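Subject: Structure for your files

Hello,

Here is the structure I said I would pass on. My notes on it follow below the display.

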Amino acid sequence: LLTQILAERRRELMFEGQFFFDLMRNGITMQRNFCNDPLEITSPQCSLSATDPKTIAPIPQAEISANPSLAGQQNQGY
């Protein structure tokens with residue numbers, strides 16, 4: 001059912017950039033085609049897991065400054 005819902009949502013929100021966030025929110029690995037070279041479809045760089053540091057955004061410094069309990073809790077890689 002989730003796969004069907006995400007497919008329908010992808011069609012409804014086409015070209016709005018929501019599909020990436022739907023995958024990450026649901027913990028689904030994103031499979032990219034032709035990520036580096038058309039001949040490298042099975043390359044390890046062609047997939048991003050929801051927990052990969054490349055997919056997790058940094059916590060804005062303004063939020064960390066406004067909330068002292070966030071001090072020292074920046075996401076990995078930033």
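Arg-9 is partly exposed, with a relative accessible area of 31%. The model is a predicted one, and please read every value here with that in mind. The side chain of Arg-9 meets that of Asp-22 in a salt bridge, with 2.6 Å from N to O. This pair joins distant parts of the chain, since Arg-9 belongs to helix 1 and Asp-22 to helix 2, 13 residues apart. The two side chains also count as making a polar contact, again at 2.6 Å.

How exposed is Asp-22, the partner in that bridge? At 2% relative accessibility, Asp-22 is buried, because the cut-off for buried is under 20%. The bridge therefore pairs a partly exposed Arg-9 with a buried Asp-22.

Asp-22 has a second salt-bridge partner in Arg-25, where the closest N and O atoms are 2.4 Å apart. Both of these residues lie in helix 2, three residues apart, or about one turn of the helix. Arg-25 is exposed, at 56% relative accessible area. Taken together, Arg-9, Asp-22 and Arg-25 form a linked network of salt bridges.

As background, side chains of opposite charge can pair when their charged atoms come close.

How many salt bridges are there by this rule? The count is three. Besides the two in the network, there is one between Glu-8 and Arg-11, with 2.9 Å between the closest N and O atoms. Glu-8 and Arg-11 are three residues apart in helix 1, so about one helical turn separates them. Glu-8 is partly exposed at 35% relative accessible area, and Arg-11 is exposed at 52%.

Next, the surroundings of Asp-22. This residue is found in helix 2, which covers residues 19–25. If neighbours within four places in sequence are set aside, Asp-22 is in contact with Leu-6 and Arg-9.

Leu-6 is found in helix 1, which covers residues 2–12. Is Leu-6 buried or exposed? With a relative accessible area of 10%, Leu-6 is buried, because this value falls under 20%. Apart from neighbours within four places in sequence, the contacts of Leu-6 are Asp-22, Asn-26 and Ile-28. For Leu-6 and Asn-26, which are 20 residues apart along the chain, the C-alpha atoms are separated by 9.7 Å.

Now the aromatic residues. A search of the whole structure gives one aromatic pair. It is formed by Phe-20 and Phe-21, which are arranged edge-to-face, with 5.3 Å centre to centre and 80° between the planes. In general, a pair of aromatic rings is described by the distance of the centres and the angle of the planes. Phe-20 is partly exposed at 26% relative accessibility, and Phe-21 is also partly exposed, at 46%.

Phe-19 comes up in another setting: the charged end of Arg-10 sits over the ring of Phe-19, at 4.0 Å from its centre.

Finally, the overall figures. The protein has three helices and two strands. What pattern does the protein follow when read along the sequence? The pattern is α-α-β-β-α. Of the 78 residues in the protein, 14% are buried; Leu-6 and Asp-22 are among them. The accessible surface of the protein is about 6,200 Å², and carbon and sulfur atoms account for 55% of that. Among contacts with a separation of 6 or more, 14% are between residues 24 or more positions apart.

If you have the model open, Asp-22 is a reasonable place to begin. From there you can follow the salt bridge to Arg-9 in helix 1, the salt bridge to Arg-25 within helix 2, and the contact with Leu-6.

Regards

Key. Residues are numbered from 1 along each chain as its sequence is written. This is a predicted model: local features need pLDDT of at least 70, side-chain atom pairs count only at pLDDT 80 or more; totals for chains, interfaces and linings use all residues. Side-chain values use heavy atoms; hydrogens and water are left out. Helices (H or I, at least four residues) and strands (E, at least two) are DSSP runs, numbered from the N terminus. Buried means under 20% relative accessible area, exposed over 50%, partly exposed in between (1.4 Å probe, protein chains only). Contact means heavy atoms within 4.5 Å. Accessible areas come from the Shrake-Rupley method with a 1.4 Å probe; for residues, only the protein chains shown count as cover. Rings of Phe, Tyr and Trp (its six-membered ring) pair if their centres lie within 6.5 Å; planes under 30 degrees apart count as stacked, over 60 as edge-to-face and the rest as tilted. A charge sits over a ring if NZ of Lys or CZ of Arg is within 6 Å of the ring centre and within 35 degrees of the ring normal. A polar contact is a pair of N or O atoms within 3.5 Å; within protein, one must be able to donate a hydrogen and the other to accept it, and residues adjacent in sequence count only if both atoms are side-chain atoms. A salt bridge is a side-chain nitrogen of Lys or Arg within 4 Å of a carboxyl oxygen of Asp or Glu.
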